[in-house]
Amino acid sequence: MKISLNWLREYVDIDMQPEELGRLLTMSGLELEGLEPSGQSLGGIVVARIISISPHPEADRLSLCQVDTGNGEVQVVCGAPNIFSGALAPFAGAGVSLPSGATISDSKIRGVRSQGMLLAEDEMGLTEDHTGVMILPPNLAPGTPFSSMSSDLKRFELADWVFDLSITPNRPDWTSVLGVAREIAALIGQRLRRPEIIIEEGGSHIAGLASVSIADPVGCPRYAAGVIQGVDIGPSPFWMRRRLFLSGIRSINNIVDVTNYVLLEMGQPLHAFDYNKLRENRIIVRRAEKGETFTTLDGETRPLNDESLMICDGERPVALAGIMGGLNSEITPETQDVLLESAFFDPVTIRRCSKRLGLSTEASYRFERGVDIEGATTALKRAMSLVYQLAGGSIASGIIDNYPRPYTPPDIRLRIDKINRLLGTSLTKDAVTGYMKALEMDVRDSGEDQLLISPPSFRVDITREADLIEEVARVFGYENIPVTYPSIRPGQVNDAPELALSDQIRQIMSGLGFAEIITYSFISPKSADMLGAEEESPLRKFVPILNPLAIDQSVMRTSLIPGILNTVAVNVAHYEKDLKLFEWGKVFFQMGEDLQPNEKLLLTAVITGLAQKKSWHCDDRAVDFYDIKGVLEALLAALGLKDVTFKREKDFNSYDPEVSAGVYCKGSALGRVGRVSSNVLEAHGLEKINAFLFELDIAALLKEIPETRRFQSIARFPAVYRDISLLLNRNIESAGVVDIIKEKGSDLIESVEIFDLYEDIKSDRPEKSLAFRISYRSKDRTLDGAEVNSLHETIIDEIKLKTGGRLREG
Amino acid sequence: MKEQLLELEKKALSDLKAINDATELEQFRVAYLGKKGLITSVMKRLGELPPDERPEFGKLANQVKANLSRLLEDVREDLLSRAAGQKSFLDVTLPGRIPAYGHLHPLTLVINEVCRILSRMGFKVVKGPNVELDYYNFEALNIPRDHPARDMQDTFYISDNVVLRTHTSPIQIRVMETQKPPVSIIAPGKVYRRDSDVSHTPMFHQVEGLLVDRHVTFGDLKGTLTGFLNEMFGRETRLRFRPSFFPFTEPSAEVDIRCVICGGKGCRTCSNTGWLEILGSGMVDPAVYGFVDYDAEVYSGFAFGMGIERLAMLKYGIDDIQLFYRNGMRFLRQF
């Protein structure tokens, strides 16, 4: 909310720099978000008198003015329609800079010399008005510096500061200049001055003019109204327009401006009706009927439902209660008689309606937070006095105040001991009493250690002891609360089970050369197609977002592959082609509407481009299946997994059916590894890239990781090595041979390594050569050469028998 | 035969010293170590020895042969470098064979640091769902459906009752619902808000903290967060606690640190205030205890939450939040 410092000063004496005031407010919970000067760079502008006006010879819309600047006469070309001879106006001569940054020069306009400029309010950044030059009061001397003329004319005080304050939703009483002034007064120990209300009732009695009935006292617990007849609709005076401008409100006319002014000043939203458009001169507050529509001031026709609270006249709705008035009863230049409304509407009712219609206004903003129900008539009278002051007319005697549910202030018990126990302070009852009184609370003694507090009606946020303790802390000052260190007792809660694993995996993956990425959890619904997912695939069990920011962020991801491939694409576009990336993150599967999805943790890694780049000691080598598989094997081994097996798999979405495998541990599936299929690469704009992936299901992995590692005593007896070189059918998998070796050799096999592979693709013989090195070792004795030889022979025989292979000669 | 072998070795060594060029060296190699060379032929006569002497002689012969081969290679290298007019040169500036090393995402690094500091203080690290029930994300945190406080966070909806969590605070409720005090937890994780511009991403990270026990005070909140921020940003870091509003804490406090960029003089990062908003905190509102069935007369506690992106930006001097989610290598490689 934007607040003018000059306006604040009307209610409280402030003797400090704006920055200092800003700090004070920030430290009391009214956070300063911005501080801007206004009307402060007007140096060089002087008051000038228009001596005479003649038409411009070349342009119908321009005039030539002879102007007395107090420092000689000059000629000025002016296009404003409101000039007259004798008028006083601000004048900028050649060389003067305006707040907009423009500098005035002595120039020719349509062939005629113009030695300066008569200024409109907007050209000086004072208001947004550009209807004509600013006409000044007649008693000023030409040549008076414009910026200092305010010393005589309080209402023309130009130099100002605008505070932009962030108001938290719990403090509707701060949504007004008076509310902020009240806070400042309490903080610096000054007295608060209230706005002047002068009512000269001269008209007929209100009872004969209008009536109000409330059909829905829940939605509207109070409705006050007053009538002013015979007003002159016109523009508001400069001071009011300036304050509205500084608060970011557009000036409309003197009546509407008064309602906005009082809203800003006192926080009470008001509405002005054209009295003569209210049929039967009646106000009825009721809920709308289903299917009803209503055209608001902004010209929009809005659908209503039975929750919408309406202000109606004898026949029809005339305002959307607490949100916006109706087109059918608005103030126009022809309006003569005005009915002013000052009401209290139920916050929830207003909020629901405002949300449903997507219509938020200064009024609804305040009503939904809660205005001061007791302040309704004060604000009404303030507005009536301003209308009278600005637009004349006669004020009907009396006001209507329909108040079916009068406010009763709560009595809240405040225990001194409770305060000190919660804050860690040692405040006395006297001190607390002082703090409460500074905040206009009603304080009563209620026994040895406690007080009974009634908050003022504008403090709608205070209903409980906790709310009062917060106020004590705030006034005492957070900075004065002593710093202590709690001794944290261990509770029943343990670290999340995957926590250690997530650290470990991230460390291992980065150690293996991979960079961690983090991508958005929401992706495009097209991603399932891009991954080649079939109709029934779980990849399509999307959780859609009802209000996404963009279509490509409109469903929760079911796979980390789209994010990782998009990241590859982003990098490839920047000539980063040799990538090793991984992401640790959740995927989400729909479990039914209105239910939380199944959230599953995955680790996905990708490798692209070159596994090894040409250097002085080696050549380029492109990545292949065994690079990604090797990483996966290293990771699983480092995590302590044993018995990891790989099975060829042809039906994985996203993977090349010829180059992919499932990863298992003791029979349970852990994940997938393989080449990204060409179609999928192409769909992600990566047709020129070769990419290999693995995906691991963290929950499945977690089950297989040994909780504690058991030490195996280190072998004390020597190992014996024997090699086997075999010619095998190409389709025979090495793991099958290793299995045979291990089965046959049982616990004497320490390890089997594959140290050579040769395959002549061009040869018509469907054979490959594979060489194994077996390490034989016993735990309890030195193996005898003969024993090993005989076992080795048995193993060879078994392999030949089961695979149809033969030993390679030579 | 042993003597013969040793004699031969002596002669070979002196011959080797006399060698001047590669031709002579090759002649030497053939003469002594070739297939029909002198050493080889002595070794072939192994069978003439009595069996018990054979192993010892065999071993010796092998040693002699290996020794000569090694010296021969030394001479060869020497000849080569002499031929080139210089000694062999080790270029220590040539890049080594660098094994690939990777990078953790800066957000991970900061989350890890935050969790490490707070874990040492005794907080346990817990997790919760990203897609959350309205009840946990709002209702039980004292943010009723029709309350203006809902406007503080722009929410992504899955359905009327299911949302993408807008903060990590629902984890407070999930923990308190199942555990009695003392409770001391931190909860890092992704959160989502319907907000995307130069300084906002629709997904970001938070770490939540909660301590509930008997006699926990606002002073304890100040102490814990002071300790935490001093470790995170350095012992000299000045901080201030100022009143704010969060529906689930009361009193609530925003915590600022002295601007790490300008040291408090005022700059763009701190919007000329000299202070940086770093986390939100407060004493758990008794209304929240009502939802989890804790007795507010017996227990008290505090909660706090911080945005990880902001911490990371300050810590590393990153000026564009979008970089975290673009994952370009030129960015990631710096961490």
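Select S746(A) to begin: in this predicted model, the residue is partly exposed, with a relative accessibility of 43%. If you look along the chain on either side, you will find S746(A) in the loop that runs between helix 18 (734-745) and strand 40 (749-759) of chain A. Its backbone deserves a careful look, since phi of S746(A) is near 35°, a positive value in a residue that is not glycine. Most residues other than glycine have a negative phi.

Move now to chain B and select N142(B), another residue that is not a glycine and yet has a positive phi, of about 65°. N142(B) sits in the loop between helix 6 (134-137) and strand 3 (162-164) of chain B, and with a relative accessible area of 23% it is partly exposed.

Stay in chain B for two peptide bonds. Most peptide bonds are trans. Select P181(B) and P182(B) together, and you will have a cis peptide bond on the screen, with omega about 0°; P182(B) belongs to the loop between helix 7 (170-178) and strand 4 (183-192) of chain B. Then select E250(B) and P251(B), which are also joined by a cis peptide bond, here with omega about -5°. P251(B) is found in a strand, namely strand 7 (residues 249-258) of chain B.

Return to chain A and select residues 177-188, which make up helix 3; this helix has 12 residues and reaches 16 Å from its first C-alpha to its last, close to the 16 Å expected. How many of the 12 residues of helix 3 are buried? The count is 9, and the helix is therefore mostly covered, buried meaning under 20% relative accessible area. Colour the buried residues, among them V177(A), R182(A), E183(A) and A185(A), and then show what they pack against: strand 1 (2-4), helix 1 (5-9), helix 2 (18-27), strand 10 (160-166), helix 5 (254-266) and helix 11 (465-476) of chain A. Just after helix 3 comes G189(A), whose phi is positive, near 70°.

For the last stop, select T604(A), which lies in strand 32 (residues 598-608) of chain A. Is T604(A) buried or exposed? T604(A) counts as buried because its relative accessible area is 0%. To see what surrounds this residue, leave aside its neighbours within four places in sequence and display its other contacts, which are L560(A), I561(A), I564(A), L581(A), F582(A), E583(A), L693(A), F694(A) and E695(A).

Note on methods. Residues are numbered from 1 along each chain as its sequence is written. Chains are lettered from A and ligands numbered from 1 in the order in which they are written. This is a predicted model: local features need pLDDT of at least 70, side-chain atom pairs count only at pLDDT 80 or more; totals for chains, interfaces and linings use all residues. Side-chain values use heavy atoms; hydrogens and water are left out. Helices (H or I, at least four residues) and strands (E, at least two) are DSSP runs, numbered from the N terminus. Buried means under 20% relative accessible area, exposed over 50%, partly exposed in between (1.4 Å probe, protein chains only). Contact means heavy atoms within 4.5 Å. The expected span of a helix is 1.5 Å times one less than its number of residues.
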